[in-house]
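Please look over the chain shown below, first as a whole and then region by region. The paragraphs after it move from local surroundings to the interior and back to the loops.

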Amino acid sequence: SIHSVLFVHFPTKSSGYTTEMILRLVRDHLHFRPEIFEYAARILKQLPKCFSTIHFRRGDLDYPTGKIEPSAVFENVRRLLFQSEYLYVATDDKLDDFQNSFVPVFEKKVQVITFQKYINLVPEVDPKWIPLIEMVICTQGRIFVGTHFSTMTAYIHRLRGYIPSTPNKKFYFTSKTYHH
């Protein structure tokens with residue numbers, strides 16, 4: 001599960017392991033299961049060639065400054081979005097709340113799509129894998145806008161850096177205003 005925490009403890013400095021070695025070990029040997037990429041590929045095949053992505057974190061985010069109202073997020077990022085482009089939104093917001101708050105604000109400029117639209121393409125998926133699949137989908141957007149202080153956003157940024165086909169590796173956040 002993405003919410004699991006792994007601690008590696010080396011009791012003495014004489015163990016010979018450095019922080020860099022541990023980070024390299026994690027980077028090189030801990031990966032998503034192949035099924036995660038296969039499920040994401042099914043959905044990506046249905047998306048238009050050019051789309052943008054955003055991680056709109058709501059749920060139990062520990063940092064209140066990370067929770068920004070949809071209208072403020074829209075004002076911050078609207079200049080990054082193309083008129084009428086598709087915007088894939090990865091969110092943990094309850095569906096009704098999302099449909100009533102986020103969608104009306106953003107549909108002034110873009111066509112909002114979520115995992116729920118494509119759930120029929122992956123009917124056998126374990127619900128715990130949905131955030132992982134969404135991470136992979138978010139790596140393929142023209143741009144990615146993330147929620148500040150979110151570990152999911154941080155990992156999507158990291159994945160975008162590793163995947164050669166990612167078109168734009170710049171970091172954008174919902175909490176910052178962009179003028180281009």
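Contact, as the word is used here, means heavy atoms within 4.5 Å. The model is a predicted one, in which local features need pLDDT of at least 70 and side-chain atom pairs count only at pLDDT 80 or more, while totals for chains, interfaces and linings use all residues. Residues are numbered from 1 along each chain as its sequence is written, and side-chain values use heavy atoms, with hydrogens and water left out.

The secondary structure comes to 6 helices and 5 strands, where helices (H or I, at least four residues) and strands (E, at least two) are DSSP runs numbered from the N terminus. Read from that terminus, the elements follow the order α-α-β-α-β-α-β-α-β-α-β. Among the contacts with a separation of 6 or more, 75% are made by residues 24 or more positions apart. Of the 180 residues in the chain, 42% are buried, buried meaning under 20% relative accessible area, exposed over 50%, and partly exposed in between (1.4 Å probe, protein chains only).

Gly-141 offers a local example of such long-range pairing, and the loop that holds it runs between helix 5 (130-139) and strand 4 (144-146). Gly-141 counts as buried because its relative accessibility is 0%. Leaving aside neighbours within four places in sequence, Gly-141 is in contact with Phe-51, Ser-52, Thr-53, Arg-160 and Pro-167. Its C-alpha atom is separated by 9.0 Å from that of Lys-49, although the two residues are 92 apart along the chain.

Arg-160 leads on to helix 6, whose buried residues are Met-152, Thr-153, Ile-156, His-157, Leu-159 and Arg-160. Seen down the axis of helix 6, these buried residues fall within an arc of 165° (taken from the directions from the helix axis to the C-beta atoms), so they line one face of the helix. An α-helix has 3.6 residues a turn, so residues three or four places apart point the same way. The cover over the buried residues of helix 6 includes strand 1 (51-56), strand 2 (86-91), helix 5, strand 4 and strand 5 (172-173). At the N-terminal end of helix 6, Ser-150 acts as a cap, with a side-chain oxygen 3.2 Å from the backbone nitrogen of Met-152; this falls under polar contacts, which are pairs of N or O atoms within 3.5 Å, where within protein one must be able to donate a hydrogen and the other to accept it, and residues adjacent in sequence count only if both atoms are side-chain atoms.

Which residues touch the most other members of the largest nonpolar core? They are Tyr-88, Ile-133 and Ile-137, in a core of 26 residues, a nonpolar core being a set of buried Ala, Val, Leu, Ile, Met, Phe, Trp, Tyr and Cys residues joined through side-chain atoms within 4.5 Å. Two or more residues of this core come from each of helix 2 (34-44), strand 2, helix 5 and helix 6, and helix 5 gives the largest share, 7 residues. Apart from this core lies another, of 22 residues, among them Val-73, Val-89, Val-110 and Tyr-178.

Two loop residues remain. Ser-84, in the loop between helix 3 (70-77) and strand 2, has a positive phi near 70° although it is a residue other than glycine. Phe-149, in the loop between strand 4 and helix 6, likewise is not a glycine and has a positive phi of about 75°.
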